[in-house]
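Q: Please take a close look at a single part of this model and describe it in detail. Please then place that part within its wider setting.

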Protein chains: 2
Amino acid sequence: MTGELRTLNGEIFDRAPLDALLKRRLFYTESFEIYRTASNFKGDTKGLYDYGPPGCALQANVVDLWRKHFVLEEDMLEFVCTMLTPEDVFKTSGHVDKFADWMCKDSKTGDYLRADHLVENVLEARLKGDKAARGVKVEDKDESPTDAKKNKRKVKDIKIAKLDDNTVTRYEEILARIDNYDGTELATLIKRLDIRNPDGNNKVLPPIPFNLMFKTTIGPSSASPGYLRPETAQGQFVNFKKMLEYNNNSMPFASASIGTSFRNEISPRSGLLRVREFLMAEIEHYVDPEGEKKHARFDEVRDIELRLLDRHVQLAGKSNLRVMTVGEAVDTKVVDNETLGYFLARTKLFLEKIGVDLGKLRFRQHMANEMAHYAADCWDAELLTSYGWIECVGCADRSAYDLTVHARRTGEALVVRETRQEPVQIEEWQVDMDKKKLGPKFRKDAKAVELALETLSQDKRELYATILDHRGSISINVACLPEGKAELGKDLIQFVRRTRTENIREYTPNVIEPSFGIGRILYCLLEHVYWHRPGDDARGILSLPPLIAPTKVLLVPLSNHPDFNPVIRKLSQRLRAAGISTRTDASNASIGKRYSRNDELGTPLGITVDFDTLKDGTVTLRDRDSTKQVRASADDVVDAVAALVHVKEVWPDVFARLPEFRGQSAEE
Amino acid sequence: MTGELRTLNGEIFDRAPLDALLKRRLFYTESFEIYRTASNFKGDTKGLYDYGPPGCALQANVVDLWRKHFVLEEDMLEFVCTMLTPEDVFKTSGHVDKFADWMCKDSKTGDYLRADHLVENVLEARLKGDKAARGVKVEDKDESPTDAKKNKRKVKDIKIAKLDDNTVTRYEEILARIDNYDGTELATLIKRLDIRNPDGNNKVLPPIPFNLMFKTTIGPSSASPGYLRPETAQGQFVNFKKMLEYNNNSMPFASASIGTSFRNEISPRSGLLRVREFLMAEIEHYVDPEGEKKHARFDEVRDIELRLLDRHVQLAGKSNLRVMTVGEAVDTKVVDNETLGYFLARTKLFLEKIGVDLGKLRFRQHMANEMAHYAADCWDAELLTSYGWIECVGCADRSAYDLTVHARRTGEALVVRETRQEPVQIEEWQVDMDKKKLGPKFRKDAKAVELALETLSQDKRELYATILDHRGSISINVACLPEGKAELGKDLIQFVRRTRTENIREYTPNVIEPSFGIGRILYCLLEHVYWHRPGDDARGILSLPPLIAPTKVLLVPLSNHPDFNPVIRKLSQRLRAAGISTRTDASNASIGKRYSRNDELGTPLGITVDFDTLKDGTVTLRDRDSTKQVRASADDVVDAVAALVHVKEVWPDVFARLPEFRGQSAEE
């Protein structure tokens with residue numbers, strides 16, 4: 001796949017110089033790096049990264065744009081919720097029981113390996129050995145500079161051995177479905193294919209589930225366990241009642257949260273793509289399940305084209321994309337509903353704004369067995385990189401799952417109540433309880449028992465009515481009771497069929513959740529915008545759009561002549577006052593060198609002050625990508641900068657308006 | 001103290017209506033509130049708060065201003081570092097051993113109590129009982145709505161009993177120094193004064209230290225413990241070498257980080273003031289210790305006046321403030337050096353910009369026994385609130401402590417190397433090691449042993465030279481060795497006195513650290529800007545400066561007449577394009593009511609569109625604080641809004657320029 005990947009100017013993409021650039025310019029760096037090599041250091045720092053100055057600024061600009069594009073544009077209710085979360089909340093949401101990966105232990109060394117990664121690595125190595133035997137060039141898709149040493153050993157270890165054609169096909173099918181196997185299936189694969197730890201060739205024990213949440217204790221007593229959240233969503237859901245009130249009980253609406261989440265990955269890898277601590281931006285859009293999940297602004301995005309990889313195509317073992325408008329996709333039920341479709345389209349527009357290469361974007365539907373435990377449908381925005389297609393945004397329909405389970409556990413009604421325009425007559429099974437007896441019998445749990453009865457479906461009520469009639473008592477599930485259920489006799493409850501006039505409609509909203517992994521998006525974006533001057537791979541460029549570039553303008557005095565200082569200072573002040581970040585490079589390096597350094601930082605614009613400036617007040621303005629320059633008065637140039645940064649003009653407009661400049665220092 | 005506190009318009013400050021307002025308008029709210037009342041919930045959610053929409057926006061604006069005021073203004077290197085930190089890092093920094101509070105266990109119930117808070121609460125209760133006996137009115141400084149029930153019981157429990165005058169004086173002295181007692185002293189106080197748990201009157205066990213860091217495990221193996229950081233500083237220090245390189249090895253410079261930290265408080269209280277998860281903004285300014293810690297821009301702040309409470313005044317048991325300029329304070333050594341003084345002044349300017357009442361700001365120097373284990377000197381910016389003086393910013397001189405200990409532990413040189421203009425001759429004790437023997441003897445720890453030898457002070461070297469001479473071997477501390485020390489004989493090392501020509505000067509920078517607790521600042525600020533219309537405490541106002549107000553402009557159509565819609569939409573678009581956030585309130589409530597609601601949110605400006613607007617295009621602009629209005633063309637009003645929001649004009653300028661409007665709906 002790496003071989004196919006092209007940069008913006010059509011050359012073959014090579015990851016090594018980009019990685020070196022990002023490290024050299026401190027976009028990000030491994031956390032606690034000085035400890036990794038310290039003697040006797042036993043900590044595990046894998047999957048932890050710090051962002052340096054340009055990475056920080058880039059991230060802040062992307063987050064700021066996200067807030068404007070989503071939160072402000074649609075008046076979403078923004079929340080900052082705590083990362084520390086009591087265990088009970090994640091018991092309710094299902095994360096304590098289900099948020100796990102499968103992990104194998106090396107039978108001799110005791111090392112832990114993520115089971116699906118193990119199978120993947122071993123089968124890929126065998127396929128490579130086969131290719132090598134057939135004389136085909138072998139590449140390593142997961143190699144990064146820090147892993148290079150380890151990988152070299154791995155690659156060296158590959159047994160060059162030809163496989164028969166059936167085996168190749170079978171391995172390729174397994175690899176295509178590697179995300180979809182559960183523990184039992186992985187155990188079977190490991191046994192049947194004799195998969196061993198590549199590091200030492202030991203057998204591994206059968207996979208066991210490993211919960212990915214970091215556990216801790218909140219408060220001085222060890223009796224109150226807590227977790228670091230693996231997503232921001234639950235913090236939003238438990239505040240639903242307050243949000244609805246704040247929104248004057250009006251539906252639909254969305255909440256949003258930008259914050260750090262944590263996943264204790266078994267084997268972090270691929271740089272920023274699989275880490276243990278990461279920034280997320282999540283939207284929870286609450287919608288009435290009865291209105292076909294329509295969206296009021298769907299018409300604004302109806303004609304936007306998406307490249308889709310739906311469930312049926314994947315089931316057929318294919319990966320060809322279908323290009324269609326969101327309108328078509330929703331009309332033909334490829335995408336389930338308008339709200340989901342609306343957010344897919346808005347996500348595409350956001351990714352386009354920050355500079356993602358749209359030729360490297362697709363939307364992939366989750367397979368049924370691949371979805372999180374809470375999801376009813378899910379589409380990922382995936383970006384193509386040298387590591388393959390990377391899931392960067394998930395758009396999940398979480399149905400009413402979360403609000404329902406939290407309501408059941410806490411006894412708090414997380415519902416919407418709407419006055420009906422026309423009252424309706426409803427014939428239904430009702431529960432009559434003798435609360436005077438229930439109270440003393442169940443004491444502090446009485447509320448939970450009542451809630452369990454009230455939330456019984458009509459089908460269950462009908463069934464229990466019969467059982468109660470026959471047996472004189474029923475047993476219903478109430479999680480918080482010691483035995484997990486309550487035994488209730490005819491003296492306590494009755495099920496009666498009655499007709500009721502309903503003036504108020506009550507429902508639990510469904511949730512559509514677009515969830516953005518900011519770190520992943522940043523890394524993929526950096527791969528998309530990286531290229532180098534033709535024939536000179538030491539001169540890398542990050543073609544970041546002005547809107548999100550860490551610094552917008554580089555100010556360059558021709559030399560360190562003191563007369564340039566006041567001009568530079570004044571330009572800097574004027575631009576800062578207009579909210580445009582600048583950096584001055586007054587070093588002794590040549591102008592060309594100074595521009596090159598800032599091409600690496602993605603600085604889109606450069607202003608040079610030279611001796612002509614001192615005579616006539618003109619300065620030059622340079623375009624990072626073409627290296628072309630114009631020359632005009634400082635006023636005109638500041639105006640052009642503002643227009644380019646705020647995306648009111650593009651470079652062709654400026655070239656058409658201001659005279660080109662060819663002089664000064666050669667770039668080459 | 002509460003009785004003395006005045007609002008902006010001179011009335012007595014009352015916390016209850018402010019608390020109610022903040023809760024009602026979702027500035028912030030207790031996290032997981034629906035779980036707290038759920039049956040069988042055992043989690044501990046105290047000290048955890050979520051920010052709703054206005055709180056989020058306020059916090060984002062304050063953080064944005066902080067970044068501009070500090071990071072951009074001085075080209076600081078901003079970092080985002082991980083919160084997860086391996087144990088070793090905090091062992092080195094001293095936090096594993098020393099970052100603890102003293103905690104007592106109730107001898108019968110097993111409840112945990114923070115020892116200093118326990119002593120404080122009990123003595124305050126006794127003093128209240130004494131006051132009550134003397135017929136003086138009693139107030140409760142720590143009461144918040146959620147604690148109200150508990151506190152009512154506590155207040156009710158107070159034994160009305162007169163104390164003798166000596167006892168009163170003694171208790172007051174103890175309370176004044178309550179932050180300064182160590183575990184032994186607290187144990188003595190608890191025994192001597194028979195201090196018991198107010199909740200049940202049981203005796204308590206002697207205080208034990210409780211580490212305030214949240215512990216977890218990083219990775220699948222339980223062999224790599226980690227902590228959530230209690231400060232952002234260590235993440236910055238371990239990156240020092242990369243930062244210095246990024247800064248072209250030029251000194252001085254600063255790094256900065258805005259991020260969440262965690263402290264597992266034993267008994268969180270006082271709302272946002274003592275919480276378990278909080279946002280910090282920290283600067284680490286690296287300075288050459290030999291230059292008297294001068295600051296190049298000190299002259300810019302020299303004349304700024306500060307209200308200081310220094311160590312000597314406090315030692316004398318007083319609290320009278322000394323008002324002097326930063327220049328005077330540094331000249332007279334009240335404040336140790338220019339860099340510390342510079343940041344105190346810049347901190348004052350920042351707090352002033354966000355709207356802090358400067359009459360409620362003081363800078364207090366830490367007492368020697370009150371400082372963190374790493375600090376050489378420390379000044380807190382404290383804000384006066386109904387909870388007393390609250391530490392909101394700490395300006396600590398951490399000396400070379402952190403860089404030295406990390407360098408020692410990791411073997412990485414965290415130093416600055418500068419070419420000397422004139423080489424110097426230095427006579428000194430040098431260590432000659434036989435590395436060929438050291439290597440095989442200490443294997444992987446050899447590097448640590450070498451480093452331990454190289455970092456020995458001249459005094460120690462002289463001493464060891466003598467010992468080596470007499471005994472034939474010495475024993476030096478090397479933390480990572482099993483026994484914690486290395487035994488070295490004459491065959492391995494020699495100490496020799498030599499004269500050396502030094503061309504390169506090498507030094508470990510000292511660190512001046514201004515550290516901001518954003519949540520605390522926000523709460524104190526909200527107390528400072530809260531007041532209500534005279535005679536009507538239901539009409540609260542938050543006089544937040546436009547720069548940081550959550551929403552800048554409220555747009556109000558006179559009625560729901562459809563002709564108003566396009567005008568409102570156009571105004572909103574124009575203001576948003578200028579980067580000014582707006583909200584429209586088109587509800588049926590009266591204009592006065594709509595303005596009142598937004599006074600509570602701190603919205604500084606309001607624009608009304610009425611029937612005259614449809615005729616002549618004029619709109620009115622309202623000042624939140626005076627409720628006065630002007631009327632002018634939409635262009636003029638948009639200009640005025642921009643000038644006010646960007647602090648280029650203040651209201652008197654606008655009143656002088658545009659005609660006053662008195663008409664429309666009455667505010668009263």
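A: In what follows, a helix is a DSSP run of H or I with at least four residues, and helices are numbered from the N terminus. The model is predicted. The part chosen is helix 9 of chain B, which covers residues 183-192.

The start of this helix is capped. Asp182(B) provides the cap at the N-terminal end of helix 9 of chain B, with a side-chain oxygen 3.2 Å from the backbone nitrogen of Thr184(B). At the other end, just after helix 9 of chain B, Asp194(B) adopts a positive phi of about 45°.

Between these two ends, the helix has a buried side and an exposed side. Residues count as buried when their relative accessible area is under 20%, and as exposed when it is over 50%. By this criterion, Gly183(B), Leu186(B), Leu189(B) and Ile190(B) are the buried residues of helix 9 of chain B. Viewed down the axis of helix 9 of chain B, these buried residues fall within an arc of 125°, and therefore they line one face of the helix. The general background is that an α-helix has 3.6 residues a turn, so residues three or four places apart point the same way. On the other side of helix 9 of chain B, the exposed residues are Thr184(B), Lys191(B) and Arg192(B). The buried residues of helix 9 are covered by parts of chain B that include strand 5 (100-105), helix 6 (115-134) and helix 8 (165-176).

Helix 18 of chain B, residues 446-454, offers a second case. Here 7 of the 9 residues are buried, so helix 18 is largely enclosed by the rest of the structure. The buried residues of helix 18 of chain B are Ala446(B), Ala448(B), Val449(B), Glu450(B), Leu451(B), Ala452(B) and Leu453(B).

Later in the sequence of chain B than helix 9, strand 9 (residues 225-228) pairs with two strands. Strand 4 (residues 84-86) of chain B runs antiparallel to strand 9 and is joined to strand 9 by 3 bridges; Leu84(B) has Leu228(B) as its bridge partner there. Strand 8 (residues 215-217) of chain B is likewise antiparallel to strand 9, again with 3 bridges, and Lys215(B) stands opposite Tyr227(B) of strand 9.

The wider setting also includes the contact of chain B with chain A. Each of chain B and chain A brings 79 residues to this contact. About 7,000 Å² is buried between the two chains, and carbon and sulfur atoms give 61% of that area. There are 2 salt bridges between chain B and chain A. Glu33(A) forms a salt bridge with Lys242(B), in which the closest N and O atoms are 2.5 Å apart. In addition, 30 residue pairs, both at pLDDT 80 or more, are in polar contact between the chains. On the side of chain B that touches chain A, helix 3 (residues 53-72) of chain B gives the most, with 5 residues.

As for chain A, its secondary structure comes to 25 helices and 29 strands. The C-alpha trace of chain A spans about 100 × 65 × 55 Å along its principal axes, and 56% of the 668 residues in chain A are buried.

Note on methods: Residues numbered from 1 in each chain as written. Chains lettered and ligands numbered in written order. Predicted model: local features only at pLDDT ≥ 70, side-chain atom pairs only at ≥ 80, totals over all residues. Heavy atoms only, no water. Buried < 20%, exposed > 50% of the residue type's maximum accessible area, 1.4 Å probe, protein only. Arc of directions from axis to C-beta. Contact = heavy atoms within 4.5 Å. Polar contact = N/O pair within 3.5 Å; in protein donor to acceptor, adjacent residues only side chain to side chain. Pairing = 2+ DSSP bridges. Buried area = accessible area lost by both parts, 1.4 Å probe. Salt bridge = Lys/Arg side-chain N within 4 Å of Asp/Glu carboxyl O.
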